[in-house]
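Visitor: Show me this structure, and let me ask why each label was given.

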Amino acid sequence: DMSWTALLMLRWYDELEKDERLLTYAEDYAKALIKLQDEKGFFPGWLRTDNLEVLCHLNDSPETSMSVTFLLKLYQLTQKEEYKTAALKGMSAVMEEIIPNGRWEDFETYWSCSRFGSEMLVGRKVERNNMHKQNNFSMFWTAEALLESYRLTQNQIYLNIGQRTIDELLMTQASWQPPYIYVKALGGFGVLNADGEWNDSRESLFAELILQYGK
């Protein structure tokens with residue numbers, strides 16, 4: 001995702017190397033991103049490569065949370081209010097429409113190795129269990145964005161809902177050691193609620209965020 005890449009560039013700029021090209025690129029991207037934000041606050045998932053038109057899928061998804069964290073970081077570095085305003089508007093959209101419904105969808109949920117539902121379940125719940133297909137990366141991105149929103153504004157609601165989100169993320173953590181897996185799986189994280197992956201490397205990212213919430 002472009003917002004994830006741009007966020008990593010900003011962290012590199014802030015923590016390792018003050019290469020102005022990184023900040024310039026991030027600002028150019030942010031200005032284009034803000035123009036694509038919809039009235040509710042969501043950022044689109046995909047654009048066409050030939051004319052940059054918005055495609056039809058994931059335009060109101062928790063992938064918006066990555067853009068929120070990116071824009072908040074850019075605001076911290078530049079103090080330009082338009083980045084903060086767009087970020088918090090996006091955060092509000094995710095809080096209102098994604099979190100209460102458990103709609104933890106993103107690209108990997110439907111168009112990676114577990115494509116069940118890609119034709120008929122995007123944005124819809126599975127009738128049998130009244131749940132969406134879910135990817136815990138979306139929970140992570142959202143919990144991270146909520147923590148950054150709290151740090152910037154000191155508004156307790158962001159921290160409260162962030163804790164609620166990370167609690168849901170922790171429901172995807174292995175709480176037992178299955179006898180048919182010959183590596184240590186206890187404490188590791190799966191990926192989707194419709195896939196069989198165990199002990200995914202994303203848990204290295206999750207661990208740091210869990211510690212930050214603990215503090």
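Guide: Start at L47, in the loop between helix 2 and helix 3. This is a predicted model, where local features need pLDDT of at least 70, side-chain atom pairs count only at pLDDT 80 or more, and totals for chains, interfaces and linings use all residues. Residues are numbered from 1 along each chain as its sequence is written, and side-chain values use heavy atoms, with hydrogens and water left out.

Visitor: Why is L47 called partly exposed?

Guide: Its relative accessible area is 31%. Buried means under 20%, exposed over 50%, and partly exposed in between (1.4 Å probe, protein chains only). L47 falls in between, so it is partly exposed.

Visitor: Which residues form a nonpolar patch on the surface with L47?

Guide: L52 and V54 join L47 there, and together they have about 250 Å² of accessible area. Patch members need over 30% relative accessible area and no salt bridge, with nonpolar side chains joined within 5 Å and like charges within 9 Å. The areas come from the Shrake-Rupley method with a 1.4 Å probe. L47, at 31%, passes the area test.

Visitor: How many residues of helix 3 are buried?

Guide: Twelve of its 15 residues, and the helix is mostly covered. The buried set includes T64, M66, F70, L71, L74 and Y75. They pack against helix 1 (2–15), helix 2 (20–36), helix 4 (81–97) and helix 6 (136–153). Helices here are DSSP runs of H or I, at least four residues, numbered from the N terminus.

Visitor: How does the reach of helix 3 compare with what is expected?

Guide: Helix 3 covers residues 64–78 and reaches 21 Å from first C-alpha to last, close to the 21 Å expected. The expected span is 1.5 Å times one less than the number of residues. Just after this helix, Q79 takes a positive phi of about 60 degrees.

Visitor: Which residues have the most contacts inside the largest nonpolar core?

Guide: F70, L71, L74, M91 and Y213, in a core of 47 residues. Helices 1, 2, 3, 4, 6, 7 (156–170) and 8 (203–214) each supply at least two residues. Helix 6 gives the largest share, nine residues. A core is a set of buried Ala, Val, Leu, Ile, Met, Phe, Trp, Tyr and Cys residues joined through side-chain atoms within 4.5 Å. Take F70: leaving aside neighbours within four places in sequence, F70 is in contact (heavy atoms within 4.5 Å) with S3, A6, L7, L10, A26, Y29, A30 and L33. Apart from the largest core lies another, of five residues, among them L58, Y110, L121 and V126.

Visitor: What makes L58 buried?

Guide: Its relative accessible area is 4%, under the cut-off, so L58 counts as buried. L58 sits in the loop between helix 2 and helix 3. Its phi is near 60 degrees, a positive value in a residue other than glycine.

Visitor: Is N130 buried or exposed?

Guide: N130 has 53% relative accessible area, over the upper limit, so it is exposed. N130 lies in the loop between helix 5 and helix 6. Phi of N130 is also near 60 degrees.

Visitor: Why does the pair R164 and E168 form a salt bridge?

Guide: The closest N and O atoms are 2.6 Å apart. A salt bridge needs a side-chain nitrogen of Lys or Arg within 4 Å of a carboxyl oxygen of Asp or Glu, so the pair passes. The two are four residues apart in helix 7, about one helical turn. R164, at 37%, is partly exposed. E168, at 16%, is buried.

Visitor: How many salt bridges does a search of the whole structure find?

Guide: Twelve. One of them joins E108 and R202, with closest N and O atoms 3.0 Å apart. E108 lies in helix 5 (residues 107–111) and R202 in the loop between helix 7 and helix 8, so the pair ties together parts that are 94 residues apart in sequence. E108 and R202 are both buried.

Visitor: What makes R103 buried?

Guide: R103 has 10% relative accessibility, below the limit, so it is buried. R103 is in the loop between helix 4 and helix 5. R103 forms a salt bridge with E105 at 3.8 Å between the closest N and O atoms, and D60, R103 and E105 are linked in a network of salt bridges.
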